Amino acid sequence: MQNVRSRVAAWAILAASAFPGCALKLNGVMELKNTPFYLLKATLSPESSLVRGGNTLQLRYTTDVVGDQIQAIALQRSLDGGLTWVTITHLDPNESTYSWTSPIDDLPDVRFRLLVTAVSGTTTTVDSVSVEVDSTPPSAPVISLFTAAATNQSLARATVASCADRAKTLIKQTNVPPSFGSAGWVTCSGVAGALSSTL
């Protein structure tokens, strides 16, 4: 804990009256203290504002204190937009990241809070931006052939009706359901004929 230094100073007040020979003098002492100054700062930032249910989300945090030492860092989480908070762990001030595993659920407004306490008892809190947990897979998009005309070309081109909730699309001939690691995924586009596959 930081020491508090003090010193004593003398003071005197001399008041003179409008009448000749009338004056008043007051003497006293007072104690001067150097009050310690503490400055506590913290930041908290998720790596993304959207995470798939069951995946991990990296939270990056920093803490800084002037004139004191960090005693504890509590990480809290809210699944309802900040209405209720639960402490999920205590963080190491020497680290800067924490991996949070998201629940398999659809949660539109998850928030995180950093509660930092110094040895002196000084505290500060910082809240993260909102994070969405999305566990509902998108449905297969409606596609149509770029042209219905007969052709001898081996490249089939199609148009995606909507890319809403579909970041990537894949078209291929297979009897095995594709996985996220399958080759051929491309960014979804509503441009006519943007989706293609070699037959």
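Three strands, in the order β3-β5-β8, make up an open sheet with antiparallel pairing. At its edges stand β3 (39-46) and β8 (97-101), and each of them pairs on one side only. From one strand to the next, the twist averages 25 degrees. The model described here is predicted.

Within this sheet, β3 is joined to β5 (residues 56-66) by eight bridges in the antiparallel sense. One residue pair fixes the register: S45 has R60 in β5 as its bridge partner.

**The second sheet**

Another open sheet has the order β12-β13-β16, and its three strands pair antiparallel. β12 (143-145) and β16 (195-198) each have a single partner strand, so one side of each is left without a neighbour in the sheet. The twist here averages 35 degrees from one strand to the next.

β13 covers residues 155-160 and runs antiparallel to β12, with three bridges between them. β13 also pairs with β16, again antiparallel, over four bridges. A158 links both pairings. In β13, A158 is the bridge partner of L145. In β16, the bridge partner of A158 is L195.

The strand pairs with bridge counts are set out below.

| Strand pair | Sense | Bridges |
|---|---|---|
| β3 and β5 | antiparallel | eight bridges |
| β12 and β13 | antiparallel | three bridges |
| β13 and β16 | antiparallel | four bridges |

Strands of a sheet pair through backbone hydrogen bonds, in either a parallel or an antiparallel sense.

**The nonpolar core**

The largest nonpolar core holds 21 residues. L44, F112 and L114 have the most contacts inside it. Five elements give two or more residues each: β3, β5, β6 (70-78), β9 (107-118) and β11 (131-134). Of these, β9 gives the most, with six residues. Two of the contributors, β3 and β5, also belong to the β3-β5-β8 sheet.

What does F112 touch, leaving aside residues up to four places away in sequence? The list includes the leucines L44, L57, L59 and L75. It also includes W85 and W100. V126 and V131 are touched as well. Beyond these, F112 touches Q76, R77, D127 and S128. L44, one of the residues touched by F112, is itself among those with the most contacts inside the core.

**A loop residue**

Q173 lies in the loop between β14 (168-169) and β15 (186-187). Is Q173 buried or exposed? Its relative accessible area is 61%, so Q173 is exposed, the cut-off being over 50%. Q173 and T198 are 25 residues apart in sequence. In space, their C-alpha atoms are 9.0 Å apart. T198 falls within β16, which spans 195-198.

**The whole protein**

The secondary structure comes to 16 strands and zero helices. Of the 199 residues in the protein, 20% are buried. The protein exposes about 13,500 Å², and carbon and sulfur atoms supply 54% of that area. Among contacts between residues at least 6 apart in sequence, 59% join residues at least 24 apart.

Notes:
Residues numbered from 1 in each chain as written. Predicted model: local features only at pLDDT ≥ 70, side-chain atom pairs only at ≥ 80, totals over all residues. Heavy atoms only, no water. Pairing = 2+ DSSP bridges. Axes fitted to C-alpha atoms, helices over the stretch in contact; angles between N-to-C directions. Buried < 20%, exposed > 50% of the residue type's maximum accessible area, 1.4 Å probe, protein only. Contact = heavy atoms within 4.5 Å. Areas by Shrake-Rupley, 256 points an atom, 1.4 Å probe, with all protein chains shown as cover. Core = buried A, V, L, I, M, F, W, Y, C linked by side-chain atoms within 4.5 Å.
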